[in-house]
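Welcome, and thanks for stopping by. Let's look at this one together.

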Amino acid sequence: MYDTTTPQLRAALAAATEDLLVYDLPGIADRHDALVGELPGAAVRFAMKACPVDEVLSCLAGRGAGFDAASPMEIRQALATGTPADRIHYGNTIKSDRQIAEAHRLGIRDFATDSVEDVRAIAEFAPGSRVFCRLATDGGGALWGLSHKFGCSPADALRVMETARAAGLTPAGLSVHVGSQQMTAEAWSAACDRMADVLDALRRRGIALDHINLGGGLPALGYRDRLGTPLEPPLDKIFAVIREGMQRLRAVAGTPLDFVIEPGRHLVADHGAVRAHVSRLTARRQADGERRYWLYLSCGKFNGLYEMDALQYTLVFPEYRGDDFVPAVVAGPTCDSDDAYSHEGSPVQVPRTAASGDPVWILSSGAYATSYTTRGFNGFGPLPHALIRDDRAPLPAAVPGGSR
Ligand SMILES: Cc1ncc(COP(=O)(O)O)c(C=O)c1O
């Protein structure tokens, strides 16, 4: 299984005496640079929702990334990194009149859309802007499909883009999201085919797009599935298929086409880890007559690990040297039965002697941890974070159509 820890991350986790979330900025920067190397010609727009932490955003901005923002608040946070507005887009198809106007006032000129209603509002409150139309995908192959709330059919996309042109907007691009933690290369291939068809149909209607947004969905490498089996996404194949798709789309466009990609979890998940502690290991007979171990941790669904209903994180018990493990259901600290990390049918091996206060490391937990945390459900507050600094010199930004 992919080892997500660096010596620096291990040292930071080992040095912690209280619970916290550690972000490894050099690791995040390296993952960004590797992605840029794999997809030449695609400008990275980090999906801020995956980790809206100022230092992480500044680190990525320093490597040349722009941002996919989903609200005026995120736009302001992105601008605060010094990133110019033309490298930030409003990637949320859901926006009120007021939010569109505010984004426009902040300098944003690129807006995602998927409906005629939204396009008309953009024309009114952000006149003259550029829009890119999000096509629906079925979300197959992904841990989180994202298939219902966003995106339109190819036929609707034609109407949306024709409406945009008639309303004085620039119909500038197409986007997709193949589903988060997408485990198959085929999903990108199908998405590129779908975009190629729409690109071609638009070209025939006299609408020449200037860019394609490949969306999010690139996987983290250090997760386990709900049963605890390591997830091993075919990352090399995914990149190869995306490169082929980019070539196909360029050929169909016939005119210069830029690419952007909006990774979220791929950049941050494996380079963030939680240091939590054992609250209690118990053994008790359940209503079904089975005797089970439960390991309650200080951190759970409501204070950093919201995504644990769909996956398991790798747990490390750094102070335990023995080999006497028991299968336990692992759960968070709140008085809420949904706050369970593993499921009764998929216990995790934990030290039989785990005692209250023992440290536990929860690996690959850097994505969506800060954004999905509650303000303090049952009094368990958000985790503070610590940073492993990146002292490399910043790189110049990659702009669509640029050489990097
Ligand atoms: C528009 C958009 N782009 C990118 C992302 C990032 O997705 P992921 O973390 O799967 O890369 C999201 C996440 O929901 C999104 O809504």
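What follows is a short conversation about a predicted model.

Visitor: How many helices and strands does the chain have?
Guide: Happy to start there. Both kinds of element occur in the secondary structure of the chain. The tally is 10 helices and 18 strands.

Visitor: Why does the chain count as being as compact as a globular protein of that length?
Guide: The globule rule gives 22 Å for 404 residues. The chain is close to that value, so it is as compact as a globular protein of that length, with a radius of gyration of 22 Å.

Visitor: Where is Lys49, the residue with the UniProt annotation, placed in the chain?
Guide: Good one to pick: an unreviewed UniProt entry annotates Lys49 as "modified residue: N6-(pyridoxal phosphate)lysine". Strand E2 covers 42–47 and helix H3 covers 54–62. Lys49 sits in the loop between strand E2 and helix H3.

Visitor: Is Lys49 buried or exposed?
Guide: A residue is buried if 20 or more other C-beta atoms lie within 10 Å of its own. Lys49 has 21 C-beta neighbours inside 10 Å, so it counts as buried.

Visitor: Which residues is Lys49 in contact with, leaving aside its neighbours within four places in sequence?
Guide: With those sequence neighbours set aside, a short list remains. The contacts of Lys49 are Ala70, Gly264 and Ser371.

Visitor: And which residues are closest to the ligand?
Guide: The ligand is surrounded by 16 residues. By class, this shell has 4 nonpolar, 8 polar and 4 charged residues. The closest are Ala47, Ser180, Gly216, Glu262 and Gly264.

How values were computed. Residues numbered from 1 in each chain as written. Predicted model: local features only at pLDDT ≥ 70, side-chain atom pairs only at ≥ 80, totals over all residues. Helix = DSSP H or I, 4+ residues; strand = E, 2+ residues; numbered from the N terminus. Rg over C-alpha atoms; globule rule 2.2 N^0.38 Å. Near = placed C-beta within 6 Å. Nonpolar A, V, L, I, M, F, W, Y, C, P; charged D, E, K, R; others polar. UniProt positions renumbered as here; feature names shortened; annotations may be inferred. Buried ≥ 20, exposed ≤ 12 C-beta atoms within 10 Å, placed from the backbone. Contact = placed C-beta atoms within 7 Å.
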